[in-house]
Amino acid sequence: MEFDLDPAVAYLNHGSYGAVPQQVHRAATAFRQRCERNPLRFNRLERSELLAGARAAAAGLLHRDADDVALVRNVSEGVSTILRSIELRSGDELVIANHGYGAVRLALEDLSRRAAARVVEAQFGIEAEREEIVSAYAGAAGPRTRLVVVDQLTAPTAMVLPVAEIAAAVRRAAPDAVILVDAAHVPAHVDVDPAALGVDSWVGNLHKWGFVPRACAALWVAPWLRSEIRPLVSSWSLAAGFPRAWDEPGTQDVSGWLAIPAAVDFFWSLGGFEQVRRNAALVTDGQEHVAGKLGTEPVVPRVEAAPMMRLVRLPEGMLTCEEDAMVLYERLSTQFAVEAAPIWFEGSGFVRVTGQVYNRPDDYARLADALLSIQAS
């Protein structure tokens, strides 16, 4: 097995924190050891060139050049970077969907409170049609909108949204708004060129589906915006501008970042997006198996479903609130050695399952049996 995952655990939640292959761990360890042999020379003479190579590997996965992508620790940091560049006035608006990630929403709410601005929600259901989703974003945007966050792949509901169509509609409704794509689950999951989406900024985690050690994300910014943004940590490379100014976030262990080329190589050694398609077939079968055992149904979005991440509706009454979701997760993990993500969304309970190269059909059978046992208890 290429991973250090506990073989006694059915691991069906790759999307939350990823899982790092052993060969990528070895690459990161080798960089840490190389640094410790001569920390001064490594950080002053070698690190810059190595980071450029890491950025190039990350950018290549996104069909971009090395100088088009900066490295940050995660999507939350990328979002905060863009928020820092926006000047808000009283009454301005920030748009996020009801499917948006909780931490991103908190960042928007914090900024809006300090500026006497407000957060506006674009609302649509799990089974919304493409046109309904586009209209929801366009309807939430207007002349006071300064930022629109679009989730390319929704974390709680595993939907791939039509970003380019949303962006075009938002441009008409709010021509001065910055469009930011939260692509936390996208790299090595959905094949994309951020520059082709018609948006202003895009940030995706490499440590989820991209096999890179935590914490690492790629931040792409449209050329017009690059001179307007600054890293959250101002350090020695600040004058270099985008993207090099992000290479020096103080004294930080960058061995995980330097392992990006090894992680990208691992991804392609599996077959790249052909392996994604195989994983999608596996998780589709698993989703249907769990739903069949529970007597519910697999959730199939009318837009594109996330290839390797799916929802199953839970039986009525199994979840009644957000707190129930955490209790159910703890029971699955501690009593049954099953890792999955119970979800409470818009008044309904679901379980989110994933499919990765290390998963097998038995993993989904164990989840179904665990849920049935909990339901009966």
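In which kind of crossing, left-handed or right-handed, does H6 pass H7? I began my notebook with this point, keeping in mind that the model is a predicted one, and I found that H6 passes H7 in a right-handed crossing.

**Entry on H6 and H7**

I noted that two packed helices are described by the angle between their axes and the distance between the axes. For helix H6, residues 130-140, and helix H7, residues 163-173, I read an angle of about 35° and axes that are 8 Å apart. I then looked up who meets whom, and wrote down that Arg130, Ile133, Val134, Tyr137 and Ala138 on the H6 side meet Glu165, Ile166, Ala169, Val170 and Ala173 on the H7 side. Sorting the residues of this contact by character, I found 8 nonpolar, no polar and 2 charged.

**Entry on H12 and H13**

My next pair was helix H12, residues 322-336, with helix H13, residues 361-376, whose axes come within 11 Å and cross at roughly 115°. The two helices are therefore roughly perpendicular to each other, and I noted that H12 passes H13 in a right-handed crossing. From H12 the contact takes Leu328, Arg331, Leu332 and Phe336, while H13 brings Arg366, Leu367, Ala370, Leu371, Ser373 and Ile374. These residues divide into 7 nonpolar, 1 polar and 2 charged.

**Entry on the sheet**

I reminded myself that strands of a sheet pair through backbone hydrogen bonds, either parallel or antiparallel. Following the strands across, I wrote the order S2-S9-S8-S7-S5-S3-S4 for an open sheet of 7 strands with mixed pairing. Strand S2 (69-72) and strand S4 (118-122) stand at the edges with a single partner strand each, so one side of each has no neighbour in the sheet. Ignoring direction, I noted that neighbouring strands are turned by 20° against each other on average.

I looked more carefully at strand S8, residues 201-205, and strand S9, residues 217-221, which run antiparallel and are joined by 5 bridges; here Ser201 stands opposite Val221 in S9. Helix H4, residues 75-84, packs on the sheet and touches S2, strand S5 (145-151), strand S7 (178-182), S8 and S9, and the direction of H4 makes about 160° with that of S8.

**Entry on aromatic pairs**

How many aromatic pairs does the structure hold? I wrote down 10 aromatic pairs, and among them I looked up Phe3 and Phe211, a tilted pair with 6.0 Å centre to centre and 45° between the planes. Phe3 lies in the segment before strand S1 (10-11) and Phe211 in the loop between S8 and S9, so this pair ties together parts that are 208 residues apart in sequence.

Methods. Residues numbered from 1 in each chain as written. Predicted model: local features only at pLDDT ≥ 70, side-chain atom pairs only at ≥ 80, totals over all residues. Heavy atoms only, no water. Axes fitted to C-alpha atoms, helices over the stretch in contact; angles between N-to-C directions. Helix = DSSP H or I, 4+ residues; strand = E, 2+ residues; numbered from the N terminus. Left-handed = near helix turned anticlockwise from the far one by under 90°. Contact = heavy atoms within 4.5 Å. Nonpolar A, V, L, I, M, F, W, Y, C, P; charged D, E, K, R; others polar. Parallel < 35°, antiparallel > 145°, perpendicular 65-115°, else oblique. Pairing = 2+ DSSP bridges. Phe/Tyr/Trp six-rings, centres within 6.5 Å; stacked < 30°, edge-to-face > 60°.
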